[in-house]
Amino acid sequence: MTQATPLRPRKLRRPGASGLITGTAILILLVLAVLALAADWITPYDPLRQNLMHALQGPSANHWLGTDDLGRDVLSRLIYGCRIAVIAAAEATAIAILLGVPLGLFIGYRGGWWDWITMRVVEAVVSIPGIMVAIVIIALLGAGLHRAMIALGILFSTSFLRLARGVVLAEREEVYVRSARVIGASDSRILVRHIFPNIAPPLIVQVTLTVGAVLLSEAGLSFIGLGVQPPHASWGTMLNTAANYMDLNWFLAVPPGVAIIVTVLSVNLLGDVIRDNVGRGIATAPSAAARRRKVRPAEPVTVLPAPTEDEVLRIEGLTAAIVPEGGTETPIITDLSLSTKRGETLGLVGESGSGKTLTGLSVLGLLGAGVQVTQGAIKLNGTDLLTLKPRELEQVRGNQVAMVFQDPTTSLNPAFTVGSQIAEVLRTKQGLTKAEAWEKVVELIHRVGIPRPEERARAYPHELSGGMAQRIAIARALSCNPSLLIADEPTTALDVTVQQEILDLFRDLQDEYGMAILFVTHDLAVAADICDRISVLYAGQMVEMAPVAELFADPRHPYTRGLLSAMPHAASGEPPLPTIRGSVPRPGAWPVGCRFGNRCDFHTAACDHPVPLEGQNGRLIRCVHAERFKLEAAS
Amino acid sequence: MFRLLLRRLLALVPLLFLVSVLTFSFTAMLPSDPVDLILGDTGTTEQHDMLRERMGLNDPVVVRYARWLGNAVQGDLGTSFFNSVDVTRAVMQRMPVTLSLTAVAALIAIATGIAAGVAAALYPRSWIDRLATIGATFGQAVPNFWFGLILVAIFAVNLHWFPATGFTPISQSPWDWLRSVTLPAVALGLSSSAAIARQVRSAMVGVLQMDYIRAARAQGLSARRVILRHALTNAMVPVIAVLSFQITVLLGGALIVEQVFAINGLGTLAITAVRQQDIPMIQGLVLVMVGMVVLVQLATDILYGLLNPKARPS
Amino acid sequence: MKKTIAGSVLLALAMGLAAGGAMAEPTGQFRFADQVRLVTMDPQRHSGGGIPYLRPVYESLFELDDEGLPVPMLATGYTVEGDTVTLTLREGVTFSNGEPFNAAAVVANINRGVEIGVLEGLLSVASAEAIDDTTVRITMREADPSIIMALAGTAGMMIAPAAMDDPALDRNPVGTGPFVYNAEESREGEVRVYTPNPTYWEPEEQDLARFEVWEIPDDTARLNALRTGQIDAGIWLSNPQAAMIDRSPDLQLIRNSGGLNYHVIISDRAGSVVPAFADRRVRQAMAYAINREAFNQAILFGLGEATWQAYPTGPWSNPDLSERYPYDPERARELLAEAGYADGFTFDMPSIPIYQSRLEALAGFFADVGITMNIVPVEPGTLARRSRTTDFPATNLVWNTVGDPKYLGLRYLNADGAYNPFQGAPSEDMAALVAQGLQSVDTAERSPAYRQMAAQIADEAFLIFVANTPILFGVSNATAENPTVHYRYGQDTIDMRGLAPNQ
């Protein structure tokens, strides 16, 4: 798990806006239904009552929407059009359901030839443009509202058929998996019991889709004269009339057009809301980052050694926060300071939610949308990255710092060959020619220990094993010889045997290239294997920092101790024992004092005040009881 | 690739066959008697019988179907019942009209749909996103023929920028063709553009959250490059399926939009044929339309394979 | 009676202003638009509108001059003696396929037309025979005062004999006209292209290199085509688009001689499908229900005039019938109640787009008195044909006021009338009037019978006349100024001979 996940807001719409839209849509549809039912009483005029002497008039006090070519009241015809729309939608949708659902259930349940033949017929019908199917059916049945709706019902029944069949097939599978048969109930009874709750939500969604489509199709068919027949008023026939009088009175096209749009819009919006609620919604995006805020300079840092010649990365007093649009900031990393030098591997260890991955991403300037660094400095080879413009930062990425991600199968683009993905970096970052880049690619792939590199370079990510893909990702990260490599749980997604090979590869490459590695992991065993120093993070803070041997020999923070005791014994491979109760508090819910306080066995009143990070000689700890543990360890 | 293409082409044969059976049996159910249609109330009973015999209407349906299919395979879709118009010729004369309308509409829909979808996905919750989302929601609710009427009222009747009706073949004058096809294509393409925009936005939002996008950014590739090359290529994979469906929708929509612009395409032919119950014409039209749809599906399948290496045979 | 026409003089007359046409190579093009779809280009199977598609290719035996009198075309003269009509033919004419135009060709044409039986102009003809190469004798079944008029129309159009065997004659017309049909450049359902006939018998009358007839049933589309110069001239009915042409400074609305009298026809007079129609009071109620003046103003945009009979003016018109059925919905409801249809009844009415608004207006009038008229669309170009079948209990057509009144009998009144599909027999009075009208060829002698017939028809009310409009051509200003554009008397076509492109 990368820790970025909880930062992606699930909901796109603010609840207020969504509620308003849904409310309006429902209101419009209710009004439509009322108009349809009460048309006889509320229309100001008889919709067929013509007055040729007052034809083609614009809106007036007598005729709010004017009159048509025969002097009929447009408003009254529009209201009667509601009735036609409701009848049309109800009729065609009902036919589609009554025809499609039972047939779909039947063939889904029956399977075999029935299913095969029906599905081939459905495929054939679906491959004909819908309106053509409707027109041909109307050729058979004749024009008119009801006959056109039968045609549309038949047309749209195919989607209900497929839906019902899909649900049956899925449930069948489910039923067998659960071995419900053992209980003694027959297949069909189980199916019936399981199908109805499962078919209802997609059915409702499909109904809203169908109603919208029916309304548009009815209007279209009436427009070309195959649906509702004049003089009866449907919105489509009104538009047909309007089309003839565009030059004389274009306004005639407006009321029926708006009526169709508003109605279909309401149905569609309602459908969207329902769809989102039954979980088939489209993926929604997190909010864009609000305007980049000015980063406050870091407080003077006392815990870091003075900068040295070979220092690569120096993070000073880093604070990052979720910055919602117009909302209050929620810190997720606070006052983090660390540094690392050439040839060193610094481990960042912690549970999910500790802020370790975000620390890595903040160096790259790739915190997710809505997350920003609010204070501090990130100095890479002496340059504060937080002061760079986006373009300059782009130059730094890849050239000076690169990152290897947790899951190699998802961090490589599935659409391109792995070689081309490395070559792309070489060409854009280093300006190599195509041939030069390719040569280097093959060399790099060879270097990360992949046999037959020429051939592998032409493979797509999905054609490679996880370990091999991770080697490619490493090759890409190193392609421009960065001075800092950030590795985010690079072995977590891999088999245990492969893990070791990858760790060995990191070590070898570091020996060769001499870069600093910021190694992010939740796995102390891995950290112990590869890191020189380890920094333990908890709830956005560093709680302990020590050279690896010291940390394992003498953990001082109760959290570090907890982590160590939860480690499986290297040899036994037993699952870790959950010795730390509770879980990491979410950002925003952090205690004022020691953030580990509520999970700590040693909690005292002193822990309820903010605890500073203290120590020297590269040994740092954030605990009021630190001295006590030190003594315990010594004794 | 060639073998894949061949295999896909062969797989289409049963579909086309089934469509032809469906169409034929369906039109055979039409209530009108072709002989009555042709002779009207003129002609004697003997003449009716002779014509019936000559047209082979006394043969069993299966025989008639086999004969029709045999001719259809050779490109002969028969002769209209209503006049001596050759169906293949009539359909082929109209096809360029409908095809160019559909093609331009598809281009407009794809270009605007992808642009709007990408823009909306790049700046989520910005004004661009809101505009695109609202536009797409509206676009799917606007009847294409109404939109056509409004376009005519504004751009043809008032501003005189485009002709209100008619169609100029591209061979006659490419410029006039473009002018004549613009308004109908825009009217036709709107709802598809909206559907594509929604799909692209949703796919882009999904893809932009993928690790490989972050990984590409981490390599220092520019935002533009990552979005246009890495994200869009992957986002197009689910969009392709929508494209294929939308082109079928466009082809159907063209039938109605043609009426608004008084364009003599397949739609006008189809509506005339249906009103006249001109069976050979209806059969031929359906078959040709399905043929076009199937070719579009084939093309999108190939595109799908190009964009999605997993779908390619190794 | 015996009458011979001196050919050349009247021929020049028929040419109108085309005189002085030099022997120049044909140039330019002229584009015309029809409002009905082309159904067939076989004149002998042709009914209803769409003559403009035929005229470039087919010439008739006679032509009508600007007074509506027959003048020579392919025939140079005629004599009528009892039951025989003798025609003298023009010499030196060939069909565009090279066949000579002679008595044998005329005989083949007339006999084919009689056999097919579609053309009502030939219903009175028994057969034709050749006397010599340029003389044809037509034997009549019965006296027909309007046979020569008929031979100036589709009945007189001459098809090349060899082409008659072509099963696709409806799309491959071959005649003697100044143009030949160009199938290659024509597009089905869109445009028919005609190019000069290289073997035309009077090449000096060929001043145009290309003639096109566009098939644009949509009124707005046709108007736009005219506005944008896609067409030079077109046919319009009295509709908003015609009104707009009339108002537009860039276009002109030409009101041609003759008129189209819009009327409702109750076909099912015996009430076999719609029982109410059997009752005369019901039919009269329908006649009372219509507000003709409002109809003219709103639907015909004031371009027409209210009518109560087939001929609003002229020798066949009965002056007493003016305002025969004033707009009186109250009276209509009373009549319906008397007939036992106080709650109304329902019937189907075929419609083509150009009559849509007319029928909606009528449906509104009828609805006012409780009658429900369902409007059923039929394909444009098929209304006349469908009206001759029992598909509909009622229909609606226009009556061309240029035609001979005998057609009232032939079409509507006789039991075998073409537009009497339910074959309701005429009342005795009516049958007598039909017969009486055919007794003479002299207008003054025939006039009383037809005036009486008009009153009788109005009384029986199975033909309900509504409004008469002139034949309307919408043309560009350039066409209006073109001196070679000559509108055929009482017809919706322009003369092909001598037609030159607009300047």
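Q: In which helix of chain C is the place of C:Glu460?
A: Keep in mind that we're looking at a predicted model here. The helix in question runs over residues 443-460 of chain C. So C:Glu460 belongs to a helix numbered by its order from the N terminus, and that helix is α13.

Q: Is C:Glu460 buried or exposed?
A: The relative accessible area of C:Glu460 is 7%. Buried means under 20%, so C:Glu460 counts as buried.

Q: What separation do the C-alpha atoms of C:Glu460 and C:Arg283 have?
A: Along the chain, C:Glu460 and C:Arg283 are 177 residues apart. In space, C:Glu460 is in contact with C:Arg283, and its other partners include C:Arg280 and C:Met430. The C-alpha atoms of C:Glu460 and C:Arg283 are separated by 7.6 Å.

Q: Where in chain C does C:Ser267 lie, and is it buried or exposed?
A: Let's place it before checking the burial. C:Ser267 sits in the loop between β12 (251-266) and α6 (280-289) of chain C. Its relative accessible area is 1%, and the cut-off for buried is under 20%, so C:Ser267 is buried.

Q: Which residues does C:Ser267 touch, not counting residues up to four places away in sequence?
A: One stretch of partners is C:Phe392, C:Pro393, C:Ala394 and C:Thr395. C:Asn400 makes a handy reference point too: it is 133 residues from C:Ser267 along the chain, and their C-alpha atoms are separated by 19 Å. The remaining partners that C:Ser267 touches are C:Asn420, C:Pro421 and C:Phe422.

Q: Which residues touch the most other members of the largest nonpolar core, and which strand gives the largest share of that core?
A: This core has 149 residues. The ones touching the most other members are C:Leu61, C:Phe295, C:Phe347 and C:Leu362. The largest share, 8 residues, comes from residues 463-476 of chain C, which is strand β17.

Q: Which residue of chain A does C:Phe295 touch?
A: Leaving out residues up to four places away in sequence, C:Phe295 has partners in chain C, including C:Tyr262, C:Leu362 and C:Val466. Its list of contacts also has a residue from chain A, and that is A:Leu52.

Q: What area do chain A and chain C bury between them?
A: The contact takes 19 residues from chain A and 25 residues from chain C. In chain A, A:Leu52, A:Asp247 and A:Leu248 lose the most area to chain C, together 29% of what that side buries. Carbon and sulfur atoms hold 59% of the buried total, which is about 1700 Å².

Q: What is the area buried between chain B and chain A?
A: Start with who takes part: 66 residues of chain B are in contact with 78 residues of chain A. On the chain B side, B:Arg125, B:Arg214 and B:Gln219 supply 12% of the area, more than any other three residues. Carbon and sulfur atoms give 70% of the total between the two chains, and that total is about 6700 Å².

Q: How are α4(A) and α10(B) oriented to each other?
A: Helix α4 (residues 130-141) of chain A and helix α10 (residues 223-260) of chain B pack at an angle of about 60 degrees, with their axes 6 Å apart. Angles of 65 to 115 degrees would be roughly perpendicular and those under 35 roughly parallel. The pair therefore falls outside both groups and is oblique.

Q: How many nonpolar residues does the contact of α4(A) with α10(B) have?
A: From α4(A) come A:Ile131, A:Met132 and A:Ile135, while α10(B) brings B:Gly252, B:Leu255 and B:Ile256. Gly counts as polar, and the contact has 1 polar and no charged residues. The number of nonpolar residues is 5.

Q: How many strands does chain B have?
A: Read along the sequence, chain B follows the pattern α-α-α-α-α-α-α-α-α-α-α-α. Its C-alpha trace spans about 85 × 55 × 35 Å along the principal axes. The secondary structure comes to 12 helices, and the number of strands is 0.

Q: What share of the residues in chain A is buried?
A: Chain A has 20 helices and 12 strands. One of its buried residues is A:Thr491, with 2% relative accessibility, in the loop between β7 (484-488) and α16 (496-513). Of the 635 residues in chain A, the buried share is 54%.

Conventions
Residues numbered from 1 in each chain as written. Chains lettered and ligands numbered in written order. Predicted model: local features only at pLDDT ≥ 70, side-chain atom pairs only at ≥ 80, totals over all residues. Heavy atoms only, no water. Axes fitted to C-alpha atoms, helices over the stretch in contact; angles between N-to-C directions. Helix = DSSP H or I, 4+ residues; strand = E, 2+ residues; numbered from the N terminus. Parallel < 35°, antiparallel > 145°, perpendicular 65-115°, else oblique. Contact = heavy atoms within 4.5 Å. Core = buried A, V, L, I, M, F, W, Y, C linked by side-chain atoms within 4.5 Å. Buried < 20%, exposed > 50% of the residue type's maximum accessible area, 1.4 Å probe, protein only. Buried area = accessible area lost by both parts, 1.4 Å probe.
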